[in-house]
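Below is a brief report on one molecular model. It covers strand pairing, helix packing, nonpolar cores and cysteines.

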Amino acid sequence: MESGSSLDIYGEVSCDEHRAYKQKLLEYIKENNAEDRINLFENIEHKELIKSFEHYDIFLLLSRNEPASISNIEAMSCGLPVIIGFGNGTANYLKNGAGGYVVASNLELQNAIDKAPSVDRTVETRFRGLIEFTLARLS
């Protein structure tokens, strides 16, 4: 992680599987001496989560089995460039460069992070790209 940068991870912790995964994350953070750079937030209210977007530069959604997340669309509507993992169902609605990037590898992730600051953050541009891309895929 670049010096001066941090990673905030938000997620639901509501069952044993979630608690076990959170524990793995905590162990990883400790093993890598990243307590001052990686923060975990759990069970945050929706309004608070949306409000938190104003404090970030990039929104990452790298879940492998996320069939229909809307959090990336919410982030785009708040002006954040998004980076979505290829296995995310809503990745089908994002045109690379029009609001963010879809990635399938660590190299693509790094390239997308490097390019994210140049993404046009105007809502009109992002959603025009989203709508045009979606319509093209449906025709």
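## Strand pairing and the three-stranded sheet

Two strands count as paired if DSSP finds at least two bridges between them. The model is a predicted one. By that criterion, β3 pairs with strand β4, residues 82-85, through three bridges. The two run parallel. Within this pair, L61 sits opposite I84 of β4.

The open sheet has three strands in the order β3-β4-β5, and their pairing is parallel. β3 (59-61) and β5 (100-103) are the edge strands. Each has a single partner strand, so one side of each lacks a neighbour in the sheet. From one strand to the next, the twist averages 15°.

## A helix on the sheet

Helix α4 spans residues 106-115 and packs on this sheet. The helix touches β3, β4 and β5. Its direction makes about 175° with that of β5.

## The β1-α1-β2 unit

Strand β1 covers residues 7-11, and strand β2 covers residues 38-42. Five bridges join them in the parallel sense. L7 of this pair faces I38 in β2.

Helix α1, residues 16-31, belongs to the same unit as these strands. Together, β1, α1 and β2 form a right-handed β-α-β unit.

## Nonpolar cores

In soluble globular proteins, nonpolar side chains tend to be buried together. Here the largest nonpolar core has twelve residues in all. Among them are L49, F53, F59, L61, A75 and M76. L80, V82, I84, A91, L94 and V102 are also members. At least two residues of this core come from each of β3, α3 (71-77) and β4.

What does V102 touch, leaving aside residues up to four places away in sequence? Its contacts are I84, G85, F86, A91, L94, N96 and E108. Of these, I84, A91 and L94 are listed in the twelve-residue core with V102.

Another core lies apart from the largest one. This second core has six residues, including I83, Y101, V103 and L109.

## Cysteines

A disulfide is a covalent bond between the sulfur atoms of two cysteines. How many disulfides does the structure hold? The count is zero.

Are C15 and C78 buried or partly exposed? C15 is partly exposed, at a relative accessible area of 27%. C78 is also partly exposed, with 36% relative accessibility. Buried means under 20% relative accessible area, so C15, at 27%, does not count as buried. C78, at 36%, likewise falls outside that class.

Technical notes:
Residues are numbered from 1 along each chain as its sequence is written. This is a predicted model: local features need pLDDT of at least 70, side-chain atom pairs count only at pLDDT 80 or more; totals for chains, interfaces and linings use all residues. Side-chain values use heavy atoms; hydrogens and water are left out. Helices (H or I, at least four residues) and strands (E, at least two) are DSSP runs, numbered from the N terminus. Axes are lines fitted to C-alpha atoms, for helices over the stretch in contact, and angles run from 0 to 180 degrees between N-to-C directions. Contact means heavy atoms within 4.5 Å. A crossover is right-handed if, with the strands pointing away from the viewer, the path from the first strand over the helix to the second runs clockwise. A disulfide is a pair of cysteine sulfur atoms within 2.5 Å. Buried means under 20% relative accessible area, exposed over 50%, partly exposed in between (1.4 Å probe, protein chains only). A nonpolar core is a set of buried Ala, Val, Leu, Ile, Met, Phe, Trp, Tyr and Cys residues joined through side-chain atoms within 4.5 Å.
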